[in-house]
Amino acid sequence: MTAASGGSVSAWSRVVRARRGEQRLEYPDRVVDTESFVFDQPRGETGPTDWALIAALDCERLTQPPVRISLAEVTAVDIGRGAHRAVHAAGGRVRVDLSDRWTSQLHARLLRDGDGWSVEDAGSKNGTRVNGEGVGRAVLADGDVLEVGSTFLVLRRAPVAALAHGGAPDRVGGLATMSPAFERELAVLAKIARSGVPVLVRGESGTGKEIVAKAVHALSGRRGPLLPVNCGAIPAALLEGELFGSRRGAFSGAEDRIGLVRSADHGTLFLDEVVELPATSQAALLRFLQDGEILPLGADKRILVDVRIVAATNKPIEELVAQGQFRHDLHARLCGYVMRLPPLHARIEDLGLLVGSLLARLEPDGPARRLSRGAARALFRHSWPLNVRELEQALRAALATATGAEIGAEDLRLASADLTTPGTDESDARARIIALLERHAGNVSAVARSLATSRSQVARLLARHGLTPGDYKRR
């Protein structure tokens, strides 16, 4: 393997992996390991897997929708410049034309290598990059990002069944993705939404749980409203009255109120951070889910209400149930269908889709924006600990500070604490590493990705602080 002209071989770390006898390249700035991508294999699904190539982002055409190309039964892919973006397939070979002025006529070639893929630059004028590093030839891994001109492409492994639908993304109640496995999750969600089954949305903060609730409501066809409730923002003493209503005189200062549940009659009630409900409210909610009736505070007659419940949490609800902090019978009622939202770092193929959508919402009447290649590189290399919410804030700041139509890397202001730099406060560094180990259940690859460093560097950090990843694996 050789770096392209001007590239630095010393910036790379070559590692021979025993997995399938293949050689694998680890980059200091990005480590990809399929074991940490929980959405690569949908729940309960087995079967053969293959690859897809996603043209995820064009720096100069941010509103251009991404496209996914199935590489099943494909042995070679030529990537180059064309008058229009197009995909041509014939006899096991694919030609991808990019309407990208920075791309050469024939820029790069992907070749199937056993069970995987490699890429080689085809003598292009501007070179080919993998995970931000210039390459002449490189072995690729799941999640690697190819930079061809001003276009960024992501290689993804997925079940063959999930690759059947390619091309531009379909929208499911306002949600869209280029991830083959997450797309299948959304297809299931669309079917569930049309039933009356309660939905429990799991995911880290900022992954879009309320957007899922809006999608479920939109697809359900229910004629009532969608009402969101932040269960952790209402004082416990007032929560039952807020949810189920009250009669005048039920308690000091009580007025006649119908409550949020009745206000959502024939609609959907979104209970965000449902695990924050106090024990008494949990019991009342359970009774409502069982009987479909509520009893307002101070009332002596139950009222029948037709409400669909969508609940959400970013906490390990099973652990809270085991610890007695959340009722097991309420948990069973809420999780008719569990929707697990992947963190943004596990669906980087959606970055272009999200950037285009967010820019259109943040600046609907603004100028046509473009990204510098350095800015796009920064987006793909960032670990996104705060997920889509962090991306939105980064773009909001960039729109305020960019001096022209182009957004530069400095405009995004993506901060990343470097725990590997000498002089970093040791106690703070150790605490952050422990927090990352707990968050990722001892997965060293995921910790490395969060720190934008290599597995070997994380191993050195763990040794320095006397930490063992196995101690943090969930049992």
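Trainee: How many aromatic pairs does the structure hold?
Mentor: There is one aromatic pair in the structure. This is a predicted model, where local features need pLDDT of at least 70 and side-chain atom pairs count only at pLDDT 80 or more, while totals for chains, interfaces and linings use all residues. Residues are numbered from 1 along each chain as its sequence is written, and side-chain values use heavy atoms, with hydrogens and water left out.

Trainee: Why is the pair of Phe152 and Phe380 called stacked?
Mentor: The ring centres are 5.4 Å apart and the planes differ by 5 degrees. Rings of Phe, Tyr and Trp (its six-membered ring) pair if their centres lie within 6.5 Å, and planes under 30 degrees apart count as stacked, over 60 as edge-to-face and the rest as tilted. The pair of Phe152 and Phe380 is therefore stacked.

Trainee: What makes this a link between distant parts of the chain?
Mentor: Phe152 is in strand S14 (residues 151–159) and Phe380 in helix H9 (residues 373–381), 228 residues apart. Helices (H or I, at least four residues) and strands (E, at least two) are DSSP runs, numbered from the N terminus.

Trainee: Why are H3 and H5 called roughly parallel, or are they oblique?
Mentor: The axes of H3 (residues 236–244) and H5 (residues 279–291) come within 9 Å and cross at roughly 20 degrees. Axes are lines fitted to C-alpha atoms, for helices over the stretch in contact, with angles from 0 to 180 degrees between N-to-C directions. Angles under 35 degrees count as roughly parallel, over 145 as roughly antiparallel, 65 to 115 as roughly perpendicular and the rest as oblique. H3 is therefore roughly parallel to H5.

Trainee: Which residues make the contact of H3 with H5?
Mentor: H3 gives Leu239, Glu240 and Phe244, and H5 gives Thr280, Ser281, Ala284, Leu285 and Phe288; contact means heavy atoms within 4.5 Å. By class there are five nonpolar, two polar and one charged. Ala, Val, Leu, Ile, Met, Phe, Trp, Tyr, Cys and Pro count as nonpolar, Asp, Glu, Lys and Arg as charged, and the others, Gly among them, as polar.

Trainee: How do you know whether H8 and H10 are oblique or roughly parallel?
Mentor: H8 (residues 351–362) and H10 (residues 387–401) pack at an angle of about 55 degrees, with their axes 10 Å apart. H8 and H10 are therefore oblique. Their contact has ten nonpolar, no polar and three charged residues.

Trainee: What is the angle between H1 and H2?
Mentor: H1 (residues 180–193) and H2 (residues 209–220) pack at about 50 degrees, with axes 8 Å apart. That makes H1 oblique to H2. Leu189, Ala190 and Ala193 of H1 meet Val212, Val216, Leu219 and Ser220 of H2.

Trainee: Where is confidence lowest?
Mentor: Strand S1 (residues 13–16) has the lowest mean, 25, and strand S5 (residues 76–81) the highest, 98. The protein averages a pLDDT of 83, where pLDDT is the predictor's confidence in each residue, from 0 to 100. Over residues 1–44, pLDDT stays under 50. Where pLDDT is low, predicted coordinates should not be read in detail.
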